[in-house]
Every structure is written in structure tokens, then in C-alpha cells.
Amino acid sequence: MASLDAEPDGAAPTYQVRDLSRVYGDGPAAVHALRGVDIDVPEGELIVVLGASGSGKSTFLNIIGGLDRATAGTVRFRGQDLHDASDAALTRYRRDHVGFVFQFYNLMPSLTARENVALVTEIARNPMDPAEALELVGLGPRIDHFPAQLSGGEQQRVAIARAIAKRPDVMMCDEPTGALDSKTGVRVLEALQNVNRELGATTFLITHNVSVGWMADRVIEFADGAVRENRVNANPVPASELSW
Ligand SMILES: Nc1ncnc2c1ncn2[C@@H]1O[C@H](COP(=O)(O)OP(=O)(O)OP(=O)(O)O)[C@@H](O)[C@H]1O
């Protein structure tokens, strides 16, 4: 495959995942982290990924985000196979299409919020203005603050602004509220829901918190490396109504 520059194709799913397996190690010590996962995800959905610790959630996100490769099976992004992609094509896929948000924010302490976001916009193909990205996550007034002057939730929102500033087609969020209390976590989820609605980026959100599923268009629950449940939520609630 030459490139992964695919544009969305009407009704085609963003991701078509078939019989996906990931085995770590081999022999008696092998860990079967994913066992034959099949999933279709339409464009633009906000998907909450649930499941017990060790059920395969991060492994799944890492593979569809192009950070890791499956042992077997296929992942198609807008019809193009990630499994067969060269390392260079996979790097381009991550750079051009995917925004990542993790539990820990990894901001540069010596740079302001705006400068942290600008680190990405300076190398992106069609970036937003950092101020616009920070506005979308509700941090317009804090744009010239350093990380140490921001709360944990605000720092996470800077990390979200950094991820969205390159206008990704997909957002991969692995426990973005894992280090936050309920009230602060809700503000972060509101920012993610707003970004999903405003930019239309297909958004995956891993959480241990079952109640976060109420804000999703779709809930996928993993158990022991397989999909235990894949259900559409007809009436997602605003994140502001969540608490835990
Ligand atoms: N690099 C690795 N080497 C060996 N085993 C691994 C590796 N990464 C993950 N695993 C194993 O694969 C299984 C799935 O792990 P994964 O991190 O995907 O689960 P998870 O659902 O995200 O868990 P958590 O909620 O605790 O983050 C676990 O048994 C884990 O120990």
C-alpha cells in the first residue's frame, strides 16, 4: 500500500475490524490479549470502550491507532488495510489522521498552553490556530498559562487541544480521566464530546467508569480479549449530566 490518505466514503465504516488477534510472547508464556475481534465503526461516532483490567482495551486502541500491529486479522481504515501498511505508511497514518490522549498529559512544563499546542501545529499539514483549539476545550482565557498554573483537568484539556489541533479524523483517548476526580473528569469529557460534535472526529474513549457510557453513540465492552457487547446508544446524554 502506497499511502493511507483515504477520504471518507459515505456509508463505509471508518474502521472495519475482522478476526483481530494479538498475542504477546510465545510458548507457554504467551498472552492472548485479543482473540478474534470483529467490529465496524461508522464515521464520526463517539465510542466508549469498557472492560475489566487486562481485557484488551488498550491493545485494541493501540492497534487501530497504528501504534502496534496485530498478530492476525485485518483492520481497515476507510477501506485501507493497516496490517499490510509499511512502517512509513503507518507513521503517516498516525501523523495525518490520529490524535492521541493518554491518562498522563505529557505537557512541556517550560511552555505555555498555547506553545504546547503550537509544537504540533508547526509540523501539521492543515492545523488549527492553537488559540482556536484551546477555545474548543474551554481554555481560551488560560492560553498563556504554564502547566504548573493549571489544574489536572485543565492540563488534560491542553493535551486534548494539542491532539485536535492537527484536525485528526480519529481521536484515541486511553483513560483520559483516570487521574482526575469526578467534577474535573466531567469537564474533560465535556471537552471531548464538544470536539467530537464540532470536528466530527471519530472518537474512542477507554474508561473503567461504566456511567461514561451514557454519553456515547456506541459502547463496546471487552471481556477476556473479545467483544462481549457492542451496543448503540440512541440517546447519548450531555457529558455535563454525568457523575460518579
Ligand atoms: N507488552 C506486553 N507484553 C505482554 N503482555 C502484555 C503486554 N501488553 C499487554 N499485555 C497483556 O495483554 C492483556 C491485555 O492488556 P491491555 O493493556 O490491552 O488491557 P486493558 O483492558 O487495557 O487493561 P487496563 O484497563 O488495566 O489498562 C493483559 O493480560 C496484559 O497483561
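**Overall fold, sheets and ligand shell of the predicted model**

Six helices and 10 strands make up the secondary structure of the protein, which is examined here as a predicted model. About 50 × 40 × 40 Å is the span of the C-alpha trace along its principal axes. A helpful check on overall packing comes from the radius of gyration: for 244 residues, a compact globule would have a value near 18 Å, and the protein has 18 Å, so the two agree. In UniProt, an unreviewed entry lists residues 15-242 as "domain: ABC transporter". Across residues 15-242, helix accounts for 29% of the chain and strand for 27%, and the end C-alpha atoms lie 28 Å apart.

The strands can be followed sheet by sheet. One open sheet holds four strands in the order 2-1-4-5, paired in the antiparallel sense. Its edges are taken by strand 2 and strand 5 (80-81); each has a single partner strand, so one side of each is left without a neighbour in the sheet. Strand 1 (residues 15-24) is joined to strand 2 by eight bridges in an antiparallel arrangement, and one position to look for in the structure is Ser21, whose bridge partner in strand 2 is Arg35. Helix 1 lies across strand 1, strand 2 and strand 4 (72-77), and runs at about 120° to strand 1.

Another open sheet is built from six strands in the order 6-7-8-3-9-10, with mixed pairing. Here strand 6 (98-101) and strand 10 (226-232) stand at the edges; because each has a single partner strand, one side of each has no neighbour in the sheet. From one strand to the next, the twist averages 15°. Strand 6 and strand 7 (residues 170-174) run parallel and are joined by four bridges, with Val98 having Val170 as its bridge partner in strand 7. Two helices can be placed against this part of the model. Helix 5 (residues 152-164) lies across strand 6 and strand 7, at about 170° to strand 6. Helix 6 (residues 182-199) lies across strand 3 (46-51), strand 7 and strand 8 (202-206), and its direction is at about 160° to strand 8.

Attention then turns to the ligand, and to the residues that line its surroundings. The shell consists of Tyr24, Gly25, Val31, Ala33, Gly51, Ser53, Gly54, Ser55, Gly56, Lys57, Ser58 and Thr59. The elements that contribute two or more residues to this shell are strand 2 (31-41) and helix 1 (57-64). Of these, helix 1 provides the largest share, with three residues. By residue class, the shell contains eight polar residues, three nonpolar and one charged. Both contributing elements have already appeared in the description of the four-stranded sheet: strand 2 as one of its edges, and helix 1 as a helix lying across strand 1, strand 2 and strand 4.

Definitions and conventions
Residues are numbered from 1 along each chain as its sequence is written. This is a predicted model: local features need pLDDT of at least 70, side-chain atom pairs count only at pLDDT 80 or more; totals for chains, interfaces and linings use all residues. A residue is near a molecule or strand if its C-beta atom, placed from the backbone, lies within 6 Å of it. Ala, Val, Leu, Ile, Met, Phe, Trp, Tyr, Cys and Pro count as nonpolar, Asp, Glu, Lys and Arg as charged, and the others, Gly among them, as polar. UniProt positions are given in the numbering used here, feature names are shortened, and annotations may be inferred rather than shown by experiment. Two strands pair if DSSP finds at least two bridges between them. Axes are lines fitted to C-alpha atoms, for helices over the stretch in contact, and angles run from 0 to 180 degrees between N-to-C directions. Two residues are in contact if their C-beta atoms, placed from the backbone, lie within 7 Å. The radius of gyration is taken over C-alpha atoms; the globule rule is 2.2 Å times the number of residues to the power 0.38.
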